[in-house]
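Here's a quick look at how two parts of one chain meet. Have the model open while you read.

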4 protein chains.
Amino acid sequence: MIRPRNAEVGSRVLAAAAAEIEARGYEGLSMDRVAEQAGVAKTTIYRRWPSKAELVVALIGHLRSDVPFEPTDDPRRDLTDLVTAIAANLTATPTSLIADLAAAAAREPRVGESVRALWADRHRAVTAVVAEAQRVGVVLHDVQPAVLVDQLVGPLYYRLLVTGEPLTPDYARSLVRSVLGPEESR
Amino acid sequence: MIRPRNAEVGSRVLAAAAAEIEARGYEGLSMDRVAEQAGVAKTTIYRRWPSKAELVVALIGHLRSDVPFEPTDDPRRDLTDLVTAIAANLTATPTSLIADLAAAAAREPRVGESVRALWADRHRAVTAVVAEAQRVGVVLHDVQPAVLVDQLVGPLYYRLLVTGEPLTPDYARSLVRSVLGPEESR
Amino acid sequence: MIRPRNAEVGSRVLAAAAAEIEARGYEGLSMDRVAEQAGVAKTTIYRRWPSKAELVVALIGHLRSDVPFEPTDDPRRDLTDLVTAIAANLTATPTSLIADLAAAAAREPRVGESVRALWADRHRAVTAVVAEAQRVGVVLHDVQPAVLVDQLVGPLYYRLLVTGEPLTPDYARSLVRSVLGPEESR
Amino acid sequence: MIRPRNAEVGSRVLAAAAAEIEARGYEGLSMDRVAEQAGVAKTTIYRRWPSKAELVVALIGHLRSDVPFEPTDDPRRDLTDLVTAIAANLTATPTSLIADLAAAAAREPRVGESVRALWADRHRAVTAVVAEAQRVGVVLHDVQPAVLVDQLVGPLYYRLLVTGEPLTPDYARSLVRSVLGPEESR
DNA sequence: ATGTAAACGAGACGGTACGTCACGTCTTCTG
DNA sequence: CAGAAGACGTGACGTACCGTCTCGTTTACAT
């Protein structure tokens with residue numbers, strides 16, 4: 001009965017927004033520019049996403065090209081691989097983008113949800129491996145797995161956003177070693 | 001020789017900015033409003049702080065009623081106290097402010113320096129205690145102290161900025177316990 | 001196709017600007033105040049007129065309740081009427097406005113065009129009458145009409161902008177008499 | 001007992017102001033910049049000239065490096081020379097400066113006086129020659145000399161400030177011829 | 001085929017903030 | 001006291017967004 005939405009419009013907008021946010025960060029993401037770049041009227045964007053924040057929410061949902069990971073039977077190795085992969089992924093992403101997302105998340109609850117969902121995958125993956133490690137007894141301490149996960153992943157964000165130090169593969173290994181203890185003699 | 005800056009101007013501006021940021025968040029911090037509220041000309045503010053970001057940096061630097069800390073001879077207790085205090089301090093500060101600072105830091109090098117300097121104090125304090133703990137043998141693992149510090153402090157920021165989980169005293173204790181191992185029976 | 005400009009906005013702005021310029025002169029014409037007085041956003045004004053100068057140009061263009069003139073078959077009388085009318089019109093306009101327009105014209109080419117277009121009408125009218133006078137032999141001298149026009153109109157601006165002497169009807173008559181020669185005895 | 005004013009300060013300020021006004025026009029004349037360029041404190045300038053306008057007044061008084069002229073016994077030639085010289089002088093001066101001076105003159109009475117004094121010299125010179133011409137009978141018409149002067153000089157300013165047409169020597173000659181009539185065959 | 005309802009493009013508009021640039025006054029210190 | 005140095009208040013400028021609005025123009029679908 002009514003005219004259906006043109007699917008291409010959505011993707012063009014998202015693509016333009018992605019390009020913009022990549023290039024200038026969330027702060028520098030301008031609705032006018034996105035509209036122009038996408039060859040779309042601003043009205044059209046607002047008809048679909050009621051605010052810039054919601055557009056970003058949608059955008060993030062699209063971006064979630066996450067750290068792929070297949071668990072093996074060696075938790076230590078899995079953990080090392082995972083943490084290293086996360087570190088690499090974070091390093092590849094412009095820091096300002098991550099920081100802007102965190103900032104937007106802190107301001108707008110709706111964005112918060114979606115940004116948290118963005119990171120949740122990897123957090124869950126680490127949690128699974130930590131649980132497995134604990135099950136097979138690789139993790140000695142009697143600590144809640146959630147805490148261990150935070151201590152493996154948190155430092156990565158901490159360095160990135162707070163201290164500004166680099167995220168090397170070596171650093172990732174150190175984190176794992178610190179949690180699991182030194183490798184058994186071989 | 002020249003007319004000195006009126007110290008009261010600075011404090012009035014900072015006070016107004018603090019009030020504003022408290023009331024409306026970083027987002028809602030308007031230079032015009034700060035100027036008006038402080039009874040000061042906007043130009044005067046800009047003469048001292050070249051941008052809004054720098055004003056906020058100064059503001060935080062001022063607010064640095066930092067985590068006071070006197071080391072005792074019990075590193076475990078010191079560490080617990082310190083981490084708990086940092087967690088409390090972070091909790092007391094609006095999350096969006098911290099996130100915005102991180103974002104500003106990621107964008108503008110100048111701001112980055114200042115913001116990093118802001119967190120550096122507490123980072124250093126933790127480092128000192130960790131070193132002491134290592135010296136007296138409380139820390140079992142053979143890990144670089146820098147990594148341990150990141151694993152104590154990083155998770156706090158991680159929860160705050162990324163997962164959004166709360167920073168309870170209990171959580172702080174868990175972090176310490178995870179690093180130092182369970183308390184010896186006594 | 002697109003949302004048309006609200007004509008009322010234009011007229012309200014122009015009206016406010018006219019009132020302001022009347023009351024405080026070109027110097028005291030503030031865009032903010034015009035916007036407020038017109039009940040219009042400042043951005044809207046700038047969307048239509050890219051600068052204060054252009055707004056004033058438009059304003060004058062609007063005010064061009066120009067020297068209406070119907071040629072008769074008596075060139076001498078026409079000329080006298082025209083020059084007198086121009087003098088009256090110049091006298092009625094605040095001198096500072098005319099001077100500021102000239103200044104703006106000298107600085108910005110774009111404004112220059114508009115301002116010259118503003119005066120061109122009357123210049124053309126005088127030219128036509130001079131040509132007619134020359135055709136019917138009222139003008140004795142063998143001079144290019146353009147020069148005669150300048151000698152009829154130029155002195156008006158000269159007095160206004162340079163010597164500051166008044167533009168009386170008498171003076172206008174003298175200018176014409178100087179060019180056409182004394183009236184034939186009648 | 002009191003410290004006398006350093007005469008050099010005044011000249012340095014005037015020199016700087018002259019340079020500035022030459023380069024950027026009256027509008028672009030900034031007191032801060034003059035102070036800096038003159039290596040003088042702004043206070044010092046304001047101690048001597050209570051406002052920018054007054055400084056310009058003083059400056060103009062200094063600039064009056066006028067059209068030199070020695071009358072001969074041939075009024076027609078004198079007039080041609082004079083008008084040509086004035087035209088040349090006007091052409092050599094940046095139009096925007098002349099326009100700005102006119103504008104300033106229209107706004108500030110004090111500046112008006114001094115600007116009028118600036119042009120008065122040449123006006124007077126032309127008046128003298130016209131009177132002489134009238135005395136020896138070169139000027140046919142029975143017109144007040146003041147009007148003739150305006151018709152000789154006014155068109156120059158008119159072209160410069162209003163129509164924007166060039167001031168060629170030819171044009172100057174045309175003006176004279178128009179007033180004096182064609183040269184007698186000789 | 002044709003009417004209709006919604007999608008869409010284009011851009012006007014109100015608003016809020018930003019950071020910049022003058023002017024002229026004031027305050028302090030030095031020669 | 002003159003002068004240097006610059007802080008300060010005031011007020012304007014022009015710019016960049018945001019989100020809403022008002023048009024006219026398609027376009028799918030239901031009759």
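## Polar links across the boundary

Between domain 1 of chain A and domain 2 of chain A, the count comes to two residue pairs in polar contact, both at pLDDT 80 or more. On the domain 1 side, the elements that give two or more residues to the surface touching domain 2 of chain A are α1 (7-24) and α4 (52-63) of chain A. Of the elements there, α4(A) gives the most, with five residues. Sort the residues on that side of domain 1 by type and you get six nonpolar, one polar and three charged.

Bear in mind that this is a predicted model. As for salt bridges, the rule finds one across the interface of the two domains of chain A. Look too at A:Glu54 and A:Arg110, whose side chains meet in a salt bridge at 3.0 Å, N to O.

## The two domains

So where do the domains of chain A start and end? Domain 1 covers 7-62, and domain 2 covers 66-180. Their C-alpha centres sit 29 Å apart. Ten residues from domain 1 of chain A and twelve residues from domain 2 of chain A take part in the contact.

## What gets buried

Together, domain 1 and domain 2 of chain A bury about 970 Å² between them, and 67% of that is on carbon and sulfur atoms. Which residues of domain 1 lose the most area to domain 2 of chain A? They are A:Tyr26, A:Val57 and A:Ile60, together accounting for 52% of what the domain 1 side buries.

Notes
Residues numbered from 1 in each chain as written. Chains lettered and ligands numbered in written order. Predicted model: local features only at pLDDT ≥ 70, side-chain atom pairs only at ≥ 80, totals over all residues. Heavy atoms only, no water. Domains from an automatic or database assignment. Contact = heavy atoms within 4.5 Å. Buried area = accessible area lost by both parts, 1.4 Å probe. Salt bridge = Lys/Arg side-chain N within 4 Å of Asp/Glu carboxyl O. Polar contact = N/O pair within 3.5 Å; in protein donor to acceptor, adjacent residues only side chain to side chain. Helix = DSSP H or I, 4+ residues; strand = E, 2+ residues; numbered from the N terminus. Nonpolar A, V, L, I, M, F, W, Y, C, P; charged D, E, K, R; others polar.
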